[in-house]
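The following exercises practise the reading of strand pairing and of contacts between aromatic rings. Each task is followed by a solution in steps.

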Amino acid sequence: MTLPPTTATALIPFVPGGRDFELSIAFFGELGFGVQWRHEGLVGLRFGEAAFMLQDIDVPEWQTNQMHVIEVGDLDAYWQYISGNGLAERFAGVRLKAPHDYPWGREVHLIDPAGVCWHVRQAKSA
């Protein structure tokens with residue numbers, strides 16, 4: 001097999017924003033994601049090295065079957081930050097699950113306002 005002449009440097013998925021696009025943008029801001037750019041129903045969001053494009057689209061069947069993984073340097077500190085922000089009370093549909101150990105690592109689970117499931121896990125030590 002011949003390898004390509006270059007290397008991939010990032011994977012940046014499109015993520016549906018759900019019924020209320022502006023609410024979803026605000027929600028991800030509360031998680032630490034900053035708006036990098038906006039253009040015609042798309043917003044580029046970044047938190048450290050994690051990035052994605054939030055799309056102004058509402059397709060519940062897609063949203064409730066989509067999952068993403070974010071790695072953070074200190075999961076317990078991040079959990080303290082997000083669990084203390086009242087996200088589930090301030091953003092309809094949001095659910096949080098405290099850190100839990102799994103065979104593949106320690107994770108926090110959260111459902112965003114559109115219904116997408118996010119796995120936030122402790123980054124492996126270098």
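**Exercise 1. The hairpins**

How many residues lie between E2 and E3 in their hairpin, and which residue in the turn has a positive phi?

Solution. The model is a predicted one.

Step 1. Two residues lie between E2 and E3 in this hairpin. In the turn, glutamate 40 has a positive phi of about 40 degrees.

Step 2. The strands E2 and E3 run antiparallel and are joined by five bridges. Opposite glycine 34 stands arginine 46 in E3.

Step 3. A hairpin is also formed by E3 and E4, again with two residues between them. Its turn holds glycine 48, whose phi is positive at about 60 degrees. Here six bridges join the two strands, which run antiparallel, and leucine 42 stands opposite glutamine 55 in E4.

**Exercise 2. The direction of E1**

Determine whether strand E1 and strand E4 run parallel or antiparallel, and name a pair of opposite residues.

Solution.

Step 1. Strand E1 (residues 14-16) and strand E4 (residues 50-55) are joined by three bridges and run parallel.

Step 2. Valine 15 has leucine 54 in E4 opposite to it.

**Exercise 3. The rings around phenylalanine 47**

Classify the aromatic pairs that phenylalanine 47 forms with phenylalanine 33 and with tyrosine 78, and state which parts of the chain each pair ties together.

Solution.

Step 1. Ring centres must lie within 6.5 Å for a pair, and planes over 60 degrees apart count as edge-to-face, whereas those under 30 degrees count as stacked. By this rule there are 11 aromatic pairs.

Step 2. Phenylalanine 33 and phenylalanine 47 have their centres 5.5 Å apart, with 65 degrees between the planes, and the pair is edge-to-face. Phenylalanine 33 belongs to the loop between helix H1 (21-30) and strand E2 (34-39), and phenylalanine 47 to strand E3 (residues 42-47); the pair therefore ties together parts 14 residues apart in sequence.

Step 3. Phenylalanine 47 and tyrosine 78 are 5.7 Å apart centre to centre, with 25 degrees between the planes, and this pair is stacked. Because tyrosine 78 lies in helix H3 (residues 75-83) and phenylalanine 47 in strand E3, the pair ties together parts 31 residues apart in sequence.

Step 4. Phenylalanine 33 is buried at 5% relative accessible area, and tyrosine 78 is buried at 9%. Phenylalanine 47 counts as partly exposed, with 28% relative accessibility.

Step 5. Ring pairs link these residues into a cluster whose members include Phe33, Phe47, Tyr78 and Trp118.

Conventions
Residues are numbered from 1 along each chain as its sequence is written. This is a predicted model: local features need pLDDT of at least 70, side-chain atom pairs count only at pLDDT 80 or more; totals for chains, interfaces and linings use all residues. Side-chain values use heavy atoms; hydrogens and water are left out. Rings of Phe, Tyr and Trp (its six-membered ring) pair if their centres lie within 6.5 Å; planes under 30 degrees apart count as stacked, over 60 as edge-to-face and the rest as tilted. Helices (H or I, at least four residues) and strands (E, at least two) are DSSP runs, numbered from the N terminus. Buried means under 20% relative accessible area, exposed over 50%, partly exposed in between (1.4 Å probe, protein chains only). Two strands pair if DSSP finds at least two bridges between them.
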